[in-house]
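Colleague: Got a minute to go through this model with me? I'd like to start with the charged pairs.
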Amino acid sequence: MGEFERVVREIVREELAAAQGVPAACSLSAKSIGAAVRAEAARAGKNHSELAEALGVSRPTIAGRLSGAYEFKQGELEKISDLLGITPYNIIESAGLGQRFHSETADQSEVARVFNRDAWAQPSRARARRE
C-alpha cells in the first residue's frame, strides 16, 4: 500500500468515525466493503461480469474482492463507483453502516428501531375493502 493510499484511508476512517460517533480506530473490513459493493451493484442492476469488465479483472478476482477475501484498491473503488453512478464515499459510507449494524457490539436498540416493524401492520398503500 502506497503512502498516498494509506493517508486517504486514514482520512476516510476519521471522517466516518466523526459522522457515526464510533472510535477512529475502528476500521472497515474488506468483507464489509465487499458487501457494500455487492449491495450497490444490485441496486444499480449490475452483475459480477460487468464489475469484472469495468475493472479489467477476471470473474474469480472480482468474486474474491466481493467476498472480502481480498481488499479493493482505491482505484478499483473509483472505477466501480463510476460504473454505478455513485461516489466512492457512498460505498465507504454504506460499508460503515453495514458494519455498524451487523457487528456483534451493535447497539441492539438502534437495530431494533430501524429493522423491527409490526408484523400485522398494513402497508401505507392498503385500502379498506368495500363490500
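Modeller: Sure. First, what a helix is here: a DSSP run of H or I, at least four residues long, numbered from the N terminus. And keep in mind that this is a predicted model.

Colleague: Fine. How many salt bridges does the count come to?

Modeller: Two. Glu 40 forms one with Arg 43, and the closest N and O atoms are 2.7 Å apart. Arg 65 and Glu 76 meet in a salt bridge too, at 2.9 Å from N to O.

Colleague: Where do Glu 40 and Arg 43 lie?

Modeller: Both are in helix H2. They are three residues apart, about one turn of the helix.

Colleague: Is Glu 40 buried or exposed? And what about Arg 43, buried or exposed?

Modeller: Glu 40 counts as buried, because its relative accessibility is 14% and the cut-off for buried is under 20%. Arg 43 is exposed, with a relative accessible area of 60%.

Colleague: Now Arg 65 and Glu 76. Which parts of the chain does the pair link?

Modeller: Distant ones. Arg 65 sits in helix H4, residues 59-67, and Glu 76 in helix H5, eleven residues apart. Both residues are buried. For Glu 76 the relative accessibility is 11%.

Colleague: What is Glu 76 in contact with, leaving aside neighbours within four places in sequence?

Modeller: Leu 55, Arg 65 and Glu 71. There is also a backbone link: a polar atom of the Glu 76 side chain lies 2.9 Å from the backbone nitrogen of Lys 73. Glu 76 itself belongs to H5, which covers residues 74-84.

Colleague: New topic, pockets. How much space lies in the largest pocket?

Modeller: About 380 Å³. Of its 20 lining residues, the closest to the centre are Val 8, Arg 9, Val 12, Leu 77 and Ile 92.

Colleague: Which elements give two or more residues to that lining?

Modeller: Helix H1 (3-20), H2, H5 and helix H6 (88-102). H1 gives the largest share, five residues.

Colleague: And how do the lining residues divide by character?

Modeller: Eleven are nonpolar, three polar and six charged.

Colleague: Last one. Where is Gly 45 found?

Modeller: In the loop between helix H2 (30-44) and helix H3 (48-55). Gly 45 counts as exposed, because its relative accessibility is 59% and exposed means over 50%.

Colleague: What separates the C-alpha atoms of Gly 45 and Leu 84?

Modeller: 8.8 Å, with the two residues 39 apart along the chain.

Definitions and conventions
Residues numbered from 1 in each chain as written. Predicted model: local features only at pLDDT ≥ 70, side-chain atom pairs only at ≥ 80, totals over all residues. Heavy atoms only, no water. Buried < 20%, exposed > 50% of the residue type's maximum accessible area, 1.4 Å probe, protein only. Polar contact = N/O pair within 3.5 Å; in protein donor to acceptor, adjacent residues only side chain to side chain. Contact = heavy atoms within 4.5 Å. 1 Å grid on protein atoms, 1.4 Å probe; cavity = no way out; pocket = protein on both sides within 12 Å on 5 of 7 lines; lining within 4 Å. Points joined across faces, edges and corners; volume = space filled by probe spheres on them. Nonpolar A, V, L, I, M, F, W, Y, C, P; charged D, E, K, R; others polar. Salt bridge = Lys/Arg side-chain N within 4 Å of Asp/Glu carboxyl O.
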